[in-house]
Amino acid sequence: MLTPHIFLTHKSPEKKSLDFARDILEKLLQVPFSVYVDERGKPLVKSSVPIGISITHSGDFLALAVFPFERVGIDMEKKEDTYPTRVADRFFSDSERKKIKTSSDFYEIWSIKEAYVKMTGDGIAAISDFDCENKNENIFINSYSDKISEILGENFSFAVSCDKDFEDVNFLFI
């Protein structure tokens with residue numbers, strides 16, 4: 001079984017997200033596959049083995065998750081000194097807003113919420129429907145903000161959401 005992977009790279013105009021995903025999958029998979037985008041914009045993999053991908057970018061970086069099950073979502077946000085309070089007011093629950101003590105707290109919550117809606121494929125319109133504080137027990141969310149910040153040398157929030165439990169994730173900067 002494939003180990004979950006997070007691939008990180010520098011963004012560039014010539015490096016398109018789906019092309020990056022295809023290049024990585026060609027090296028990782030030993031079976032034929034195709035990558036396509038569904039009607040809501042979620043990238044999916046058609047293959048004889050269950051594979052889920054999710055793509056995010058922030059600042060100068062692009063990240064790709066490749067997991068051994070189909071439903072996965074990731075989000076990465078470069079942390080700023082301030083945060084958009086109107087976004088928190090519009091998309092965060094009361095309990096989530098109460099947890100915001102610093103701008104870093106905002107970005108951590110936002111990454112969790114965005115990773116979740118990327119996993120479900122519901123899109124950004126559904127982000128306010130998901131409350132980090134009251135998530136379903138069948139949803140597994142891990143934050144790797146410290147790991148990503150260490151790899152990239154900058155301060156980022158980073159979250160992964162899946163509907164299956166996972167622990168070991170390989171991080172590769174390429």
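An open sheet of three strands, in the order β6-β8-β7, pairs in the antiparallel sense. β6 and β7 (140-143) stand at its edges with a single partner strand each, so one side of each has no neighbour in the sheet. From one strand to the next, the twist averages 15°. Strands, like helices, are DSSP runs numbered from the N terminus (helices H or I, at least four residues; strands E, at least two). Two strands count as paired if DSSP finds at least two bridges between them. Angles run from 0 to 180 degrees between N-to-C directions, with axes as lines fitted to C-alpha atoms, for helices over the stretch in contact.

This is a predicted model: local features need pLDDT of at least 70, side-chain atom pairs count only at pLDDT 80 or more, and totals for chains, interfaces and linings use all residues. Residues are numbered from 1 along each chain as its sequence is written, and side-chain values use heavy atoms, with hydrogens and water left out.

## The three-stranded sheet and its helices

β7 and β8 (residues 156-162) run antiparallel and are joined by four bridges. One bridge partner pair is Ile-141 with Ser-161 in β8. Two helices meet this sheet. α4 lies across β6, β7 and β8, at about 150° to β6. α5 packs on the sheet too and touches β6, β7 and β8; its direction makes about 130° with that of β8. Contact here means heavy atoms within 4.5 Å.

## The four-stranded sheet

A second open sheet has four strands in the order β4-β5-β1-β9, with mixed pairing. Its edge strands are β4 (52-58) and β9 (170-173), each paired on one side only. Neighbouring strands are turned by 15° against each other on average, direction ignored. Strands of a sheet pair through backbone hydrogen bonds, either parallel or antiparallel.

The table lists the pairings in this sheet.

| Strands | Sense | Bridges | Opposite residues |
|---|---|---|---|
| β4 and β5 | antiparallel | seven | Thr-56 and Ala-63 |
| β1 and β5 | antiparallel | six | Ile-6 and Ala-65 |
| β1 and β9 | parallel | four | Phe-7 and Leu-172 |

β4 and β5 form a hairpin with two residues between them. In the turn, Gly-59 has a positive phi of about 55°.

β5 is mostly covered: seven of its seven residues are buried. Buried means under 20% relative accessible area, exposed over 50%, and partly exposed in between (1.4 Å probe, protein chains only). Phe-61, Ala-63, Ala-65 and Phe-67 point one way from β5. Leu-62, Leu-64 and Val-66 point the other way.

α5 (residues 145-152) also packs on this sheet. The helix touches β1, β5 (61-67) and β9, and its direction makes about 25° with that of β9.

## The pockets

Rolling a probe the size of a water molecule over the atoms shows where empty space is left. The search uses a 1 Å grid over the protein atoms alone; a pocket is an open set of points with protein on both sides within 12 Å along at least five of seven lines, and lining residues have an atom within 4 Å of a point. Grid points are joined across faces, edges and corners, and a volume is the space filled by probe spheres set on the points.

The largest pocket has a volume of about 370 Å³. Of its 20 lining residues, Gly-41, Pro-43, Ile-55, Glu-114 and Lys-118 are the closest to its centre. β4, β6 (72-78) and α4 (103-120) each supply at least two residues of the lining. β4 gives the largest share, four residues. By class, the lining has seven nonpolar, six polar and seven charged residues. Ala, Val, Leu, Ile, Met, Phe, Trp, Tyr, Cys and Pro count as nonpolar, Asp, Glu, Lys and Arg as charged, and the others, Gly among them, as polar.

The second largest pocket holds about 160 Å³ of space. Lys-42, Leu-44, Val-45, Glu-70 and Arg-71 are the closest to its centre among 15 lining residues. β3 (43-47), β4 and α4 each give two or more residues to this lining. β3 gives the most, three residues. The lining of the second largest pocket divides into seven nonpolar, three polar and five charged residues.

## A residue at the largest pocket

Glu-114 is found in helix α4. Glu-114 is buried, with a relative accessible area of 16%. Leaving out residues up to four places away in sequence, Glu-114 touches Asp-75, Glu-77, Ile-124 and Ile-127.

Conventions: On a 1 Å grid over the protein atoms alone, a cavity is a set of points where a 1.4 Å probe fits but cannot get out, and a pocket is an open set with protein on both sides within 12 Å along at least five of seven lines; lining residues have an atom within 4 Å of a point.
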